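Subject: Structure handover, pocket and salt bridges

Hello,

Here is the structure you asked to have passed on. My notes on one pocket and on the salt bridges follow it.

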Amino acid sequence: MARLRAGRKNYKKAFTTHANAYDNWNIGSDNSRRLLLCYCVECGLKCLIMMNDSIYVLSQANDNTRDALGSHDFKVLLKKVNQAGNYRFNQFVTEYGDTVISSEYHQLCRYAIEPKDMDDMKEFDNTLVQIKDWLKEVI
């Protein structure tokens, strides 16, 4: 399956658009809002990676950067921008007993899977909000 190509300007626009929608959310599904937050942070981190590496498109990336840009794992993306130690993601259990980790969180949001304990998910969301706010300052 072919992947769509996205460049630095797309990641920045997606971050800005999703962050604005998240911050100004008034009504609607909490799962949908959470999904916006998830993708806002992912796009913001990918934009920052490209900024730090002075690249505009994926074809300019070295193997390490290409791997990071292909990831949905917040820990991988944060490590690439030297912020891994500044943010902690708790693991938590879904309604089905599956463990959610940072690389799978977007799936939980996309499929509206409930956590066993809502407070665990709220803690994860709070970490994403902190990253979103930090990204607003640096990109």
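Helices here are DSSP runs of H or I with at least four residues, and they are numbered from the N terminus. Please keep in mind that this is a predicted model.

The pocket

I looked at the second largest pocket, which holds about 160 Å³ of space. Its lining consists of Tyr22, Asp30, Arg33, Arg34, Leu37, Met118, Lys122 and Asp125. Two elements each give two or more residues to that lining: helix H2 (30-52) and helix H6 (118-138). The largest share is that of H2, with four residues. By residue class, the lining has five charged residues, three nonpolar and no polar ones.

Salt bridges

The count for the model is eight salt bridges. Three pairs and one network are described below.

Which residue forms a salt bridge with Arg34? The partner is Asp125, and the closest N and O atoms are 2.6 Å apart. Asp125 belongs to helix H6 and Arg34 to helix H2, so this pair ties together parts that are 91 residues apart in sequence. Asp125 and Arg34 are both buried, and both also appear in the lining of the second largest pocket.

Glu42 and Lys46 form another salt bridge through their side chains, at 2.8 Å from N to O. Both lie in helix H2, four residues apart, which means about one helical turn separates them. Are these two residues buried or exposed? Glu42 counts as buried because its relative accessibility is 5%, under the 20% cut-off. Lys46 has a relative accessible area of 4% and is buried as well.

The third pair is Arg88 with Glu123, where the closest N and O atoms are 3.7 Å apart. Arg88 sits in the loop between helix H4 (74-80) and strand E1 (92-93), while Glu123 is in helix H6, so the bridge ties together parts that are 35 residues apart in sequence. Arg88 is exposed, with a relative accessible area of 59%. Glu123 is partly exposed, its relative accessible area being 37%.

Finally, there is a network: Asp23, Lys132, Asp133 and Lys136 are joined into one by salt bridges that share partners.

Regards

Key: Residues are numbered from 1 along each chain as its sequence is written. This is a predicted model: local features need pLDDT of at least 70, side-chain atom pairs count only at pLDDT 80 or more; totals for chains, interfaces and linings use all residues. Side-chain values use heavy atoms; hydrogens and water are left out. On a 1 Å grid over the protein atoms alone, a cavity is a set of points where a 1.4 Å probe fits but cannot get out, and a pocket is an open set with protein on both sides within 12 Å along at least five of seven lines; lining residues have an atom within 4 Å of a point. Grid points are joined across faces, edges and corners, and a volume is the space filled by probe spheres set on the points. Ala, Val, Leu, Ile, Met, Phe, Trp, Tyr, Cys and Pro count as nonpolar, Asp, Glu, Lys and Arg as charged, and the others, Gly among them, as polar. A salt bridge is a side-chain nitrogen of Lys or Arg within 4 Å of a carboxyl oxygen of Asp or Glu. Buried means under 20% relative accessible area, exposed over 50%, partly exposed in between (1.4 Å probe, protein chains only).
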